[in-house]
Amino acid sequence: MERTAKPPLNDGGTIVKAQGFSSADEFLAALQRDLGGLVSYVDREERVRFASAGLAEWFNTTPEGVVGKTLRELYGPEVYAQFEPWVKRALAGEDVHYERQAQHKEIPRWISVNLRPHRDASGRVAGFFSCALEVQELKRTHDALGRALGELATHMENTPLAVVEWSADIRVKRWSPQAELIFGWSLDEVLGKKSSEIGLVHPESLEMVRALTRELVEGRARRNRMHARNLTKDGRTIWCEWYNSAFMDDSGRVASILSLAEDVTARVDAEEQLQQAAVNDALTGLPNRNSLAARLEHAIMRVNRSGDRIALLFIDLDRFKRVNDTLGHAAGDEVLRQATARIRACVREVDTVARLGGDEFVVLLETDVRPDTPGIIGERVRASFGTPFDWKGTEVRCGASVGVSLYPDHARDPAGLLASADQAMYRVKNAG
């Protein structure tokens, strides 16, 4: 059976070992065979990658007969059109619940369906889990639910997520061992206290956490998700993903809120580093070619409305190859860093300095560009390169050739504008 890579069943394979399964595959097979309800996993292309035996039986086939088919192929175009909007919302990252009337063996039956998005390590929605129950079976499920609650409580204590239960007035009722491990406080230290008394929320996330908590307390949402900064007992700042759900009493008021929290600090740090690398040059910290292209496109859209002018200065270092050849690449890197500082000192705060690669730099002028502005700034740059650079006490001389192009005078798209500035620079360089 075709399926995607399986996530770990539990920390250290606890479920597999404790319940006598010899492998994760055996556990998955048992889950597929014995899982109640109509359960499946659907990928971004809306193709079924996992199907329970109950779902396969609904279609009078085996799980192998369901896996690999798209939802449109499985249900047919007419039925698929009934629930397609909910599928799209789930693939957009929304938790979805709906009820619809379905035909099973020519008998109309109401089913209740939950779609829960599944995200990969980068946070992108990779697919969704679908669980559907026939409303007629809810009574039969009720008795089994009671037995399962005891097991569920045990599993919640062992989950790698922090489990925190809050009372109606948002005081701690439950504080799992994992909550103590993540945040540092013991159950005795937090029981009956509000998060403000503990100091659990970082000041920068306080307003957001309060707003989303009010949303639950006031009944405007039954569940929500928070990405918040938290503080630990020893004063460290960490990032946590919180999944909160509100339990309402018979009068419709909040009786308690259950929160599951995961420490995602390492993931956030990695994402920030990747994002920084995607838009900035690693050596100089300047915007890179991709970032410049985005800024230039945005600038053109803006001046098309305002009628202003944009200028590009294409800067190429003279005699830079000689630096690398005679002094080495470490010296070349240092010259590029010093050149970056000099170029920045020549432009205005509103201007953008980017590095295209090698010894090529670009300055984007998009604010208050008068006819003489590019020439004035270009001359500043050339003059700043008249002073030698320093490499461990050795004077290193590199000049700068500067080419200018204007929008809309010389080109009307980002690529053309950049090419025009590049050609102008080479004319300057070839002219000596």
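Hi everyone, let's begin with the rings: a search through the whole structure turns up eight aromatic pairs. Please keep in mind that this is a predicted model.

Let me show you one of those pairs. Phenylalanine 59 and tyrosine 75 meet edge-to-face, with 5.1 Å from centre to centre and 80° between the planes. Where do the two partners sit along the chain? Phenylalanine 59 is in the loop between helix H3 (53-58) and helix H4 (63-66), while tyrosine 75 belongs to helix H5 (residues 71-75), so this pair ties together parts that are 16 residues apart in sequence. As for exposure, phenylalanine 59 has a relative accessibility of 24% and counts as partly exposed. Tyrosine 75 is partly exposed too, with a relative accessible area of 25%.

Now look at another pair, tyrosine 80 and phenylalanine 83. Their ring centres are 5.7 Å apart and their planes stand at 80°, so this pair is edge-to-face. Both residues are in helix H6 (residues 77-91), and being three residues apart there, they are separated by about one helical turn. Are these two rings buried or exposed? Tyrosine 80 is buried, at 2% relative accessible area, and phenylalanine 83 is buried as well, at 4%. If you put the four rings together, Phe59, Tyr75, Tyr80 and Phe83 make up one aromatic cluster.

Before we leave aromatic rings, here is one with a charged neighbour: arginine 342 lies over the face of phenylalanine 389, at 3.8 Å from the ring centre.

On to the sheets. In one of them, five strands form an open sheet with antiparallel pairing, and the order is S7-S6-S10-S9-S8. Which strands are at the edges? They are strand S7 (172-175) and strand S8 (223-231), and each of them pairs on one side only. On average, neighbouring strands here are turned by 25° against each other, ignoring direction.

Let's zoom in on strand S6 (residues 162-167). Six bridges connect S6 with strand S10 (residues 254-263), and the two run antiparallel. Valine 164 is a handy residue to follow, as it stands opposite serine 259 in S10. In S7, the bridge partner of valine 164 is tryptophan 175. S6 and S7 are joined by three bridges, again antiparallel. These two strands make a hairpin with four residues between them, and isoleucine 170 in the turn has a positive phi of about 60°.

There is a second sheet to look at. This open sheet has four strands in the order S12-S13-S11-S16, with antiparallel pairing. Its edges are strand S12 (352-357) and S16, each pairing on one side only. Neighbouring strands in this sheet are turned by 25° against each other on average, direction ignored. Between S12 and strand S13 (residues 360-365), which run antiparallel, there are five bridges. One residue to find there is threonine 352, whose bridge partner in S13 is leucine 364. Helix H17 (residues 414-430) packs on this sheet and touches S11, S12, S13 and S16; its direction makes about 140° with that of S16.

Staying with strand S16 (residues 399-407), you will find alanine 400 in it. Alanine 400 is buried, with 10% relative accessible area. What does alanine 400 touch, leaving aside residues up to four places away in sequence? Its contacts are Ile315, Asp316, Asp318, Val381, Arg382 and Phe385. The C-alpha atoms of alanine 400 and valine 323 are separated by 14 Å, with their positions 77 residues apart along the chain.

Valine 323 brings me to my last stop, helix H14 (residues 320-327), where Phe320, Val323 and Asn324 are buried. Why do we say that they line one face? Looking down the axis of H14, the buried residues fall within an arc of 95°, so they share one face of the helix. The face of H14 turned away from that buried side carries the exposed residues Lys321, Arg322, Asp325 and Thr326. And what do the buried residues of H14 pack against? They pack against strand S11 (310-318), helix H15 (329-346) and strand S15 (394-396). Just after H14 comes glycine 328, which takes a positive phi of about 100°.

Thanks for listening, and do have a look around the model yourselves.

Methods. Residues numbered from 1 in each chain as written. Predicted model: local features only at pLDDT ≥ 70, side-chain atom pairs only at ≥ 80, totals over all residues. Heavy atoms only, no water. Phe/Tyr/Trp six-rings, centres within 6.5 Å; stacked < 30°, edge-to-face > 60°. Buried < 20%, exposed > 50% of the residue type's maximum accessible area, 1.4 Å probe, protein only. Lys NZ or Arg CZ within 6 Å of the ring centre and 35° of its normal. Pairing = 2+ DSSP bridges. Axes fitted to C-alpha atoms, helices over the stretch in contact; angles between N-to-C directions. Arc of directions from axis to C-beta. Contact = heavy atoms within 4.5 Å.
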